[in-house]
Amino acid sequence: MAETVFRPQVPPGHIYVNDKWTNNELYTFLNRRVQTITNDSMDFVDFYPTTEFAVIYATEADLVAGTNYRRNLAKLKKAGYERSAVIVEKTTISNQYFSSFQKFAVLELGLGIIPVSGSEECCQALVAMVRMGCEDKSNPFMLRGRIPPLETYLLKTLLTVPSLGETKAQALLLKFKSLINICNASLEDLTKVIGASSAQQVYNFFHSC
């Protein structure tokens, strides 16, 4: 049974922000781009860019610490939101922990992850999510300018596979539709899309110990 958690009704063009982020530079970045609503009852969820879309942000420190993020990701999966995503900070320091994080989030829990380099890029991803929720083009909170679509960020996960270029990464997403489907694909199915050598790289990346 899904865990009972705070589920706000998010106005178009707004984003709910966990109160713990209010003194962080990420909150400052968001305030410049969208209307923010802070709340201290969001528990493990860091952001709601739209109603029923829950986002967790795993920072460099979270990956290094290792244990707390696992508990929060498990709660996110159990809560049963219509949509969810995990934004993860991938830096030179956290890089050695990224593979373990990715396998737990994607392979074990089936969550989508979006690697970012830091707060500014995290803000860009969140703004993209807010924009995706603004279906009414006349909404006064619609933002001007171009924001990369969410799929652009999903590509970054695949591009962490050694020697896998953007063309083949896009081909995988077009064929399998999601990261979890790519992770669960057989070596034979991957080979049909990107060739034997690249398929082996992808398969090893997600399944090696």
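Here are legends for four close-up views of this predicted model.

**View 1. The largest nonpolar core.** This core holds 44 residues, and Leu73 and Phe101 are the ones that touch the most other members. Its top contributor is helix 4 (residues 95-108), which puts in 5 residues. Both domain 1 (14-134) and domain 2 (150-208) supply at least three residues each. There's a general habit behind such a picture: in soluble globular proteins, nonpolar side chains tend to be buried together.

**View 2. Zooming in on Leu73.** Which residues does Leu73 contact, once neighbours within four places in sequence are set aside? They are Ile56, Val86, Phe101, Phe104, Ala105, Leu109 and Leu111. Apart from the core around Leu73 sits another one, made of 23 residues, including Ile15, Val17, Tyr57 and Cys123.

**View 3. The two faces of helix 7.** In helix 7 (residues 166-176), Ala169, Leu172, Leu173 and Phe176 are buried. These four span an arc of only 95° around the axis, so they end up on the same side of helix 7. Look at the face turned away from that buried side and you'll find Thr167, Leu174 and Lys175, which are exposed. Just after helix 7 comes Lys177, with a positive phi near 75°.

**View 4. Asn181 and a partner from elsewhere in the chain.** Asn181 belongs to helix 8 (residues 179-184). Is Asn181 buried, exposed or partly exposed? Its relative accessibility is 36%, so Asn181 counts as partly exposed. Gly110 is 71 residues away from Asn181 along the chain, yet 8.9 Å separates their C-alpha atoms.

Technical notes. Residues are numbered from 1 along each chain as its sequence is written. This is a predicted model: local features need pLDDT of at least 70, side-chain atom pairs count only at pLDDT 80 or more; totals for chains, interfaces and linings use all residues. Side-chain values use heavy atoms; hydrogens and water are left out. A nonpolar core is a set of buried Ala, Val, Leu, Ile, Met, Phe, Trp, Tyr and Cys residues joined through side-chain atoms within 4.5 Å. Buried means under 20% relative accessible area, exposed over 50%, partly exposed in between (1.4 Å probe, protein chains only). Helices (H or I, at least four residues) and strands (E, at least two) are DSSP runs, numbered from the N terminus. Domain bounds come from an automatic or database domain assignment. Contact means heavy atoms within 4.5 Å. The arc is that of the directions from the helix axis to the C-beta atoms.
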